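The following exercises concern the arrangement of strands and helices in a protein model. Please study the structure before reading each solution.

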Amino acid sequence: MSSRARVLVLNSALGPLDYRVPRELDVEPGSIVVAPLGPRQLLGVVWEPERMPSDAEVGDNRLRNLLAVAEVPPLRAPLRRLIEWTADYYLAPPAAVARMTLSSSAALEGARSAVEYRATGAVPDRLTPQRAQALERIGDRQGLIRELATIAEVSDAVIRGLVKSGAIEAVEVGIDSPFPLPDPDHAPPALSPEQREAATTLVGAVEAVAFRPILLDGVTGSGKTEVYFEAVAAALRAGKQVLVLLPEIALTEPFLKRFHDRFGCEPVAWHSGLRATQRRRAWRAVASGEAKVTVGARSALFLPYAELGLIVVDEAHETSFKQEDGVHYHARDVAVMRGLFERCPVILASATPAIETRHQVALGTYAEVKLPGRYGLAEMPAIAAIDLIEEPPERGRWLSPRLVEALRDTLARGEQSLLFLNRRGYAPLTLCRTCGHRFQCPNCTAWMVEHRLTRRLACHHCGHVEPVPRLCPECSNEDTLVACGPGVERIADEVAALFPEARAAVVTSDTIWSPAKAAEFVARMEEGAIDIVVGTQLVTKGYHFPNLTLVGVVDADLGLDGGDLRAAERTFQQIRQVSGRAGRGAKKGQVFIQTHSPKAQVMQALVTGDADAFYAAETEARQDAGAPPYGRYAAIIVSSEEQNAAHEVARLIGRHAPEVEGMAVYGPAPAALAMLRGRHRFRLLVHARRALDVQDVIRAWLGALDWPAKVRVAVDVDPYSFL
C-alpha cells in the first residue's frame with residue numbers, strides 16, 4: 001500500500017493536496033479522511049492521483065500525516081466519477097461538488113446517541129418577548145440548540161436560558177436505529193391493462209441491471225406513481241437501493257403516504273427540513289445499504305448509495321430541479337449521468353416532459369413509455385379560456401364573473417375549488433398615491449412584496465423583511481400607501497368577500513414550509529374542511545383530491561413575461577399541471593383560464609389539449625434559433641459589492657472573449673436583477689452550436705484572466721434563469 005495519498009480537501013479555494021499515510025491508517029480511493037492544513041483540520045476524500053492532478057506536488061519528506069479515517073464506507077467509484085463529471089460539466093470546483101456528498105459531517109462521527117432539546121410545557125418565571133416567541137414557534141418540535149434557535153429566530157443564548165429555567169429539557173436520542181424495510185409484496189395495486197404493460201417495461205429495465213433512461217409520459221391522473229412503484233418493487237426484490245427525486249419538499253408528504261400504502265412503511269426522507277440527527281441517521285443508512293428507498297430533493301442525488309438499482313425523477317420537467325446557487329447543476333441531467341455510472345435504469349416521470357427530454361426520445365437516446373388516459377372512471381377536465389378584455393372582473397376585483405359563477409356552483413354542490421396564481425403575498429408592489437414612492441428592496445433591484453397575513457414587506461430574492469410603515473417614507477403622508485396588483489392573499493380576501501361562508505386556505509411556501517404542514521393541508525382537504533384553495537405552483541402537482549372539481553387560473557399570462565426562452569413551455573407545463581388537479585375522481589372537472597391573450601398559441605394548446613402541436617411549434621422555434629436542445633447556452637455572471645469593480649471585470653472578460661467558429665458572446669450587460677443580495681451584477685451570454693465543447697473554451701478563456709478577490713465570477717452552464 002502506498003504511503004502517499006492524493007486528497008481532495010473540502011475547500012474550494014484549494015486544489016487536491018498530497019499527504020503521508022501513517023502505518024496505523026488504512027486508506028483507499030474514496031476513503032473519507034481528516035487532513036491537517038496549517039493549524040486547522042479539514043475533511044477530505046482520497047482520490048486516484050491520475051484522475052485528480054495537483055498543482056502542489058511536493059517531495060515525500062515535506063508531506064504531513066493524515067490524522068484519521070472516518071468509520072464509514074469509502075465513496076464508491078461510480079460516485080467519484082459522478083463528482084468528476086459534475087465538476088467538469090458545470091465548471092465547478094470538485095471540492096464544492098464533493099461537499100454535497102459529505103453534507104452531514106455528523107454522519108462521519110461514531111457516536112451512537114445525541115442530545116436534543118424540546119419544550120416541557122412549563123412557562124418560565126421571566127417570560128421576555130423573545131422567550132415567548134421561541135416557545136410559540138418551537139411548539140412540539142425537537143432538535144439541537146442551534147436548530148431550535150433558527151426555528152424560533154432567536155439567539156442560542158435565549159434557548160440556553162429556557163433550558164436553565166426548565167421550559168426546555170434535554171433528551172438523549174439514539175441516532176443509528178434501523179429504518180423499517182419496505183415490502184415489495186405488501187399491497188400490489190390493481191393496474192389497468194395499459195398500466196400493467198407500462199409497468200412490465202419498467203420492471204424489465206430494472207431486471208436487466210443496465211443503464212437505460214426511460215421517459216414515463218402520462219397525463220395527470222394516469223397513475224404514473226403506481227406504475228413506477230412496480231419498478232421500485234422489482235429493485236427491492238433484487239436487494240438493490242432506489243432513489244426517488246421530488247422537486248418540492250412539500251410534495252414529500254403525499255408521496256410518503258402513497259408509498260406507505262403500497263410498501264407497508266415510509267421510505268427514508270432526505271431534504272433541508274431534516275434535523276441534524278435525522279440527516280446523520282439517513283446518510284449512514286444510505287452508505288451502509290440499509291436504506292432501501294430514499295425519497296428526496298435534488299441533493300439526495302449525491303448521497304453515497306451502496307448499491308443503487310433504480311433512479312426515479314418525478315415531475316422531471318420541473319425547473320426547480322435546477323440549482324441556482326453554489327454548483328449550478330440540473331438534477332434531472334445529473335440523475336441520468338448517475339444512472340450511467342451506476343449501470344442502472346433512470347425513469348423520468350412527467351405529464352408535460354421538457355423539450356430537451358422529448359428531443360432525447362426522438363434521437364432514440366431515451367426510451368419512452370406512454371400512459372395516454374386517466375385511471376378508472378376519471379376523465380380529463382373541460383378547459384375554457386376567459387378573455388379578460390371581453391369579460392373583465394368588476395372594478396377592484398381580479399376574478400371574472402364567469403369564474404365567480406363557477407365557484408358559486410361548485411360550492412353549492414359541496415365540491416372543492418382551486419384558484420391558482422403564481423405570486424406569493426398580497427400585492428407585488430406598494431406605492432404612495434400622493435408622491436408615487438415605490439418600496440424597493442435595499443439589497444436587490446426588486447420591489448418589496450406586501451404580505452398582509454404577517455404585516456410585512458418582503459423581498460422574495462434576498463429575504464429582506466421590514467414592517468409596513470404607517471407613513472410614506474418619502475412625503476410622510478398617512479394612509480396614502482396602496483397595494484398594486486394581486487398576490488394569493490389578495491385573491492383570498494376577494495374570495496372571503498364574495499363567499500363569506502366558504503372555508504378558504506392559502507397554500508404557498510410561506511404557509512406550507514415543511515412536510516408536516518403539507519400533511520396538515522392534505523388531511524384538511526381530504527376531510528372536506530376546505531372549500532376553496534388559493535395557491536401558487538406548490539399546489540400544481542402531486543396532490544390527488546377526488547372532490548376537487550374546479551380550477552381557476554387567475555392570471556395565465558404572468559409566466560409569459562420576462563423574455564425567458566422557456567416562458568411559453570413553462571406556462572404550458574404549469575397550467576396543464578394545475579388543470580390536472582380537477583376531476584381526478586368520478587366527478588367531472590372543469591378549468592377556467594383567465595388571460596388577456598386567448599389567441600396565443602400556448603392558450604389555444606391548453607384549451608384544445610393539443611400538446612403535440614404546441615410542442616412541435618416550440619421545438620421548431622428553438623431549432624430556428626439554435627436554442628437548447630439544438631444549441632448551447634452558458635451564462636457568465638460577474639458580481640461585486642462595488643458596481644465599478646463588477647463592471648470593469650465584466651468588460652475585461654468581454655474584451656478577451658475568444659473568436660471560435662460556431663460560438664457567439666453577448667454582453668456584458670447589467671443583469672435583469674442588476675443588484676442581488678447587496679451585490680451589483682453583470683451578465684455575458686455564450687451561445688454555441690451543440691457539438692462545441694463550450695466548457696473547454698470557457699475554462700481556457702477565464703483561466704487566462706485575473707480579477708480582484710472582491711469580484712465573484714460564476715458560470716451557469718445550461719441556464720434556466722435569465723435574471
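**Exercise 1.** Determine the strand order of the open sheet of seven strands, and state which strands stand at the edges.

*Solution.* In this predicted model, the seven strands of the open sheet follow the order S11-S12-S10-S13-S14-S9-S15, and their pairing is parallel. Strand S11 (268–270) and strand S15 (367–371) are the edge strands; each has a single partner strand, so one side of each lacks a neighbour in the sheet. On average, and with direction ignored, neighbouring strands are turned by 20 degrees against each other.

**Exercise 2.** Describe the pairing of S9 with S14, and identify the helices that pack on the sheet.

*Solution.* Strand S9 (residues 212–218) pairs with strand S14 (residues 345–350) in the parallel sense over six bridges. Within this pair, proline 213 has valine 346 of S14 as its bridge partner. Helix H6 (residues 193–207) packs on the sheet and touches S9, S13, S14 and S15. Helix H7 also packs on the sheet; among the strands it touches are S10 and S12, and its direction makes about 165 degrees with that of S13.

**Exercise 3.** Establish whether H7 is largely enclosed or largely open to the surroundings.

*Solution.* Helix H7 comprises 14 residues, 224–237. A residue is buried if its relative accessible area is under 20%. Twelve of the 14 residues meet this condition, so H7 is largely enclosed by the rest of the structure. The buried residues include Val227, Phe229 and Leu236. Just after H7, glycine 239 adopts a positive phi of about 80 degrees.

How values were computed: Residues are numbered from 1 along each chain as its sequence is written. This is a predicted model: local features need pLDDT of at least 70, side-chain atom pairs count only at pLDDT 80 or more; totals for chains, interfaces and linings use all residues. Side-chain values use heavy atoms; hydrogens and water are left out. Helices (H or I, at least four residues) and strands (E, at least two) are DSSP runs, numbered from the N terminus. The expected span of a helix is 1.5 Å times one less than its number of residues. Buried means under 20% relative accessible area, exposed over 50%, partly exposed in between (1.4 Å probe, protein chains only). Two strands pair if DSSP finds at least two bridges between them. Axes are lines fitted to C-alpha atoms, for helices over the stretch in contact, and angles run from 0 to 180 degrees between N-to-C directions. Contact means heavy atoms within 4.5 Å.
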